[in-house]
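Dear colleague,

I am passing on the structure we spoke about, and below it you will find my notes on what came out of looking through it. Please read them with the model open beside you.

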Amino acid sequence: MPSQTFQLVMRSGPNPGKVFTLSKNEIIMGRDVSADVVINSAEVSRRHTRLRLDAGYYVVDDLGSTNGTFVNGQRISTPQILRPGDIIMLGEAATLVYESSQFDSNATVISAVGEPFSVAPPPMQASRAPQQITPPPQVYAGQVPSGPIAQPVPSFQAPPPKARREGISWLWAGAGCIVVMLCILVVGALIFDMMNLYCTPPFNSLFSFLYTCP
């Protein structure tokens, strides 16, 4: 059969995180080493607070301490029934949380008070058959492979930019040479005409078919 148990968890004070299990009908909290819950602080009285079990619930009562006992921020002057989640403060030296737990002797898990729950096992995943990989056919030396053979497609590669620049430079150089030669010929013809060199030897014999001297 499940039975309800209570405990105090120190939130702040000399030993934060320490858990005090409440297993007696009357529990004394204080600085004295003979107390059931020892709070080693100078601000806590030797016999500071008392917890008393009454009809299945603990009742908290201040024992005339110097710095007082507080429940949920309110200083108490008369006994007060504790409920799970209440915060008990012994002055400003220690803060404890009153908790309730439910223990089932037939189980191995301590759970918070509430509706029972069950943890469903994770769904089993269907096993997948291993995928078969067909290896490519092997071709041995001297063996003609069956089926069409893919021929490599020739790809056109454009000449590098440097080669194209060099070709264009040569074209411009050739055109420049032709222009220079034409200019020289024109200038030479003008000089010959101005100086009347067509009729002087040896040019008269060379240009007799083009020019008739007087």
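**Aromatic pairs and what surrounds them**

The structure holds 2 aromatic pairs, and please keep in mind throughout that this is a predicted model. In one of the pairs, the ring centres of phenylalanine 6 and tyrosine 58 lie 5.8 Å apart while the ring planes stand at 85°, so this pair is edge-to-face. The two residues come from distant parts of the chain, since phenylalanine 6 belongs to strand β1 and tyrosine 58 to strand β6, with their positions 52 residues apart in the numbering. Phenylalanine 6 is buried, and tyrosine 58 is buried as well.

Phenylalanine 6 also pairs with tyrosine 98, and here the arrangement is stacked, with 5.3 Å from centre to centre and 10° between the planes. This pair, too, links distant parts of the chain, with phenylalanine 6 in strand β1 and tyrosine 98 in strand β11, 92 residues apart. Both phenylalanine 6 and tyrosine 98 are buried, and Phe6, Tyr58 and Tyr98 together form one aromatic cluster.

Turning to the nonpolar core, the largest one has 22 residues, and those with the most contacts inside it are Leu8, Leu22, Leu51, Tyr58, Leu82 and Leu96. At least two residues of this core are supplied by each of β1 (3-12), β2 (19-22), β3 (26-30), β6, β10 (87-90) and β11 (94-103). Tyr58 therefore appears both in the aromatic cluster and among the core residues with the most contacts, while tyrosine 58 itself is placed in strand β6.

**Overall layout and the open sheet**

The protein chain has 2 helices and 11 strands, and from the N terminus on its elements run β-β-β-β-β-β-β-β-β-β-β-α-α. Of its 214 residues, 21% count as buried, and the accessible surface comes to about 16800 Å², with 61% of it belonging to carbon and sulfur atoms. Among contacts between residues at least 6 apart in sequence, 35% join residues at least 24 apart.

An open sheet of 5 strands has the order β4-β3-β5-β6-β9, and its pairing is mixed. The edges are taken by β4 (37-38) and β9 (80-81), each of which has a single partner strand, so one side of each is left without a neighbour in the sheet. Strands β6 and β9 run antiparallel and are joined by 2 bridges, and valine 60 stands opposite glutamine 80 in β9.

**Loop residues to look at**

Two residues other than glycine have a positive phi that you may wish to inspect: alanine 55, where phi is near 55°, and asparagine 72, where phi is likewise near 55°. Alanine 55 is found in the loop between β5 (49-54) and β6 (57-62), and it counts as exposed because its relative accessibility is 72%, which is over 50%. Asparagine 72 is found in the loop between β7 (69-71) and β8 (74-75), and with a relative accessible area of 44% it is partly exposed.

Is serine 45, by contrast, buried or exposed? Serine 45 has its place in the loop between β4 and β5, and it counts as buried because its relative accessible area of 13% is under 20%. Leaving aside residues up to four places away in sequence, serine 45 touches Gly30, Arg31, Ser65 and Thr66.

With best regards

Terms used
Residues are numbered from 1 along each chain as its sequence is written. This is a predicted model: local features need pLDDT of at least 70, side-chain atom pairs count only at pLDDT 80 or more; totals for chains, interfaces and linings use all residues. Side-chain values use heavy atoms; hydrogens and water are left out. Helices (H or I, at least four residues) and strands (E, at least two) are DSSP runs, numbered from the N terminus. Buried means under 20% relative accessible area, exposed over 50%, partly exposed in between (1.4 Å probe, protein chains only). A nonpolar core is a set of buried Ala, Val, Leu, Ile, Met, Phe, Trp, Tyr and Cys residues joined through side-chain atoms within 4.5 Å. Rings of Phe, Tyr and Trp (its six-membered ring) pair if their centres lie within 6.5 Å; planes under 30 degrees apart count as stacked, over 60 as edge-to-face and the rest as tilted. Two strands pair if DSSP finds at least two bridges between them. Contact means heavy atoms within 4.5 Å. Accessible areas come from the Shrake-Rupley method with a 1.4 Å probe; for residues, only the protein chains shown count as cover.
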